[in-house]
Amino acid sequence: MSRARRRGRGPGFRRNRNPLTWLLRHAQMSLSALGRLAGSPLSTAMTAAVIGIAIALPSGLYLLIDNVRQLTGNWDGGSSISLFLQQSLDEKQARAVRDLIAQRRDVAEARLITRKQALEEFRRRSGFGEALDLLDHNPLPAVVLVRPTRVNSSARATERLAETLKQYREIDLVRVDLQWVRRLEAITHTLERGVMILAGLLSAAVLLIVGNTIRLEIQGRHHEIEVIKLVGGTDAFIRRPFLYEGVWYGLLGALIAIGLVIGGLGLMQGPVQRLAGLYQSAFSLDILTSGTFLAVLAGGPMLGLGGAWLAVGRHLARIQPE
Amino acid sequence: MIRFDNVAKRYPTGREGLAGVSLELKAGEMAFITGHSGAGKSTLLKLIGLLERATRGQVWVNERNLNKLRARDVPYHRREVGMIFQDHRLLHDRTVFDNIALPLVVAGMGHQEIQRRVRAALDKVGLLGKERSFPITLSGGEQQRVGIARALVSKPPVLLADEPTGNLDPDLSREIMELFVQFNQVGVTMLIATHDVALVERLGKRIIQLREGRILHDTGAAA
């Protein structure tokens, strides 16, 4: 008040600064905005559905990629290194080598397949059992299967580990099967980038959808806005219900999106498990534990708010009482 | 309470609303503005309610220079100036109660205080019992009373009325004017634009006659 007086603008205005009243008014506004949306359920549902689909697409794809990425790390024997030991080593020596390698900090697990076990397995799987019987000695070397720790399971780290292991005298041959790990990594990176672009575009679409809906709403309530300005409603007061409408649209859209994603990935679950089964993996889509849904729940309303801001900022100022 | 210092208003279309008007209205005074349509009556009221801004000169309301009022302060200014229009400007999808409560809701007043004040305003304009009706179901005179109740519910020190009886028959017009006289008696500064000279002259209040954006005649402050 005194500040206004000092600037020579006459006595200042009394403004309501009671936080409780303010909070209560916001609660009322948000509920009445929701009520207005409920008043025209069909158009609200359609707008929310469009928003929902726009959000569901990138978030569903993201979840899918997220799952694949975890797969890259988890696939049984995924980034594993096979160490073929020297033929001359006996079982006790082979065990010692395994123990030595298992102690390394970048190794999560080292499993020894003795020469006898290797022979057994070969006999069982290959169908060349009779042929093996003709040999007078076991031609297969003992093998140590090394699985790097999670942080060291990327293609480059695995290769580095393999280089180190090559130095061991007891090891005849190191084989790293990295080709598919690299490919999978490259594919997930590409897809991730694609999803990012898609998410950006569809977020913009949501902004525009909400913005346009709110713009129509503002036009429809032109007279009401005029009257409110006439009786001393501040811009913030007039803006508020529209912003809340945007938030509700965003939240409804987010809920629909989550429903769509759960439903869609649920439908994929069966085929994915069958596919994984073909690769001897018990992999299944991890839908519910992801933080993606939290992001959607927070992001939806934020996009709605943003869209409403765009419309409100541009159109409310134009309406002035006469 | 209200002061005009050589105020002119030219609209973007080139039309001249006011062409240099100086006048002063003391707190608690009541005055009528008369003149033909286009004489500048509405423009004068709009400048006070800041529906328009002066292109020249200065307008003072309640010790504030309106020329210097920032846009964000305009709503607060309007809360101190009740405005009544010929076309009522009511919201037809809201009840009489909600229409009258609007200035209080906008100002963030508590629920109970709103109930009390709206009822008091309804009582003043003789519409108690109509609060649940919708404006469309009321007669023209009743709708105008709702508009008046809305203007006075927040107890503004200044009340403006632009042709408030424009659509009403003589009996209703007189009732409305008498209502205004009552408000004035409790201290509200009133400025009413009307072309109904005969009605106004009988009330014996100050009359400011405008022609082509200038004051043609002013009976001066009289009780």
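The following exchange goes through a predicted two-chain model, chains A and B.

Residues are numbered from 1 along each chain as its sequence is written, while chains are lettered from A and ligands from 1 in the order in which they are written. Because the model is predicted, local features need pLDDT of at least 70 and side-chain atom pairs count only at pLDDT 80 or more, whereas totals for chains, interfaces and linings use all residues.

Trainee: Which helix of chain A gives the most to the side that touches chain B?

Mentor: In all, 18 residues of chain A are in contact with 21 residues of chain B, contact being C-beta atoms, placed from the backbone, within 7 Å. Helix 2 (19-39) and helix 9 (222-230) of chain A each supply at least two residues of that side of chain A; helices are DSSP runs of H or I with at least four residues, strands runs of E with at least two, numbered from the N terminus. With four residues, the most is given by helix 9 of chain A.

Trainee: At what angle do the axes of helix 2 and helix 10 of chain A cross?

Mentor: Helix 10 of chain A covers residues 235-278. A:M29, A:A33 and A:L37 are among the helix 2 residues that meet helix 10 of chain A, where the partners include A:Y244 and A:W248. Axes are lines fitted to C-alpha atoms over the stretch in contact, with angles from 0 to 180 degrees between N-to-C directions. The two axes come within 8 Å, and the crossing angle is roughly 65°.

Trainee: How far apart are the C-alpha centres of the two domains of chain A?

Mentor: Domain bounds come from an automatic or database domain assignment. For chain A this gives domain 1 (24-73 + 183-315) and domain 2 (80-177). The distance between their C-alpha centres is 51 Å.

Trainee: Which helix of chain B gives the largest share of the side of domain 1 that touches domain 2?

Mentor: Chain B is divided into domain 1 (1-80 + 156-223) and domain 2 (94-155), with C-alpha centres 23 Å apart. Across the boundary, 10 residues of domain 1 of chain B are in contact with 11 residues of domain 2 of chain B. The largest share of the domain 1 side is four residues, from helix 6 (residues 170-185) of chain B.

Trainee: Which helix gives the most to the largest nonpolar core?

Mentor: A nonpolar core is a set of buried Ala, Val, Leu, Ile, Met, Phe, Trp, Tyr and Cys residues joined through C-beta atoms within 7 Å. The largest has 66 residues, and B:I100, B:A149, B:L160 and B:L191 have the most contacts inside it. Six residues of this core come from its main contributor, helix 3 (residues 96-106) of chain B.

Trainee: Is B:L51 buried or exposed?

Mentor: B:L51 lies in the loop between helix 1 (41-48) and strand 4 (56-61) of chain B. Beyond its neighbours within four places in sequence, B:L51 is in contact with A:P321, A:E322 and B:K46. A residue is buried if 20 or more other C-beta atoms, placed from the backbone, lie within 10 Å of its own, exposed if 12 or fewer, and partly exposed in between. Because 20 other C-beta atoms lie within 10 Å, B:L51 is buried.

Trainee: What is the phi of B:R89?

Mentor: Most residues other than glycine have a negative phi. B:R89 lies in the loop between strand 6 (81-85) and helix 3 of chain B, and is partly exposed, with 18 other C-beta atoms within 10 Å. Although B:R89 is not a glycine, its phi is positive, about 55°.
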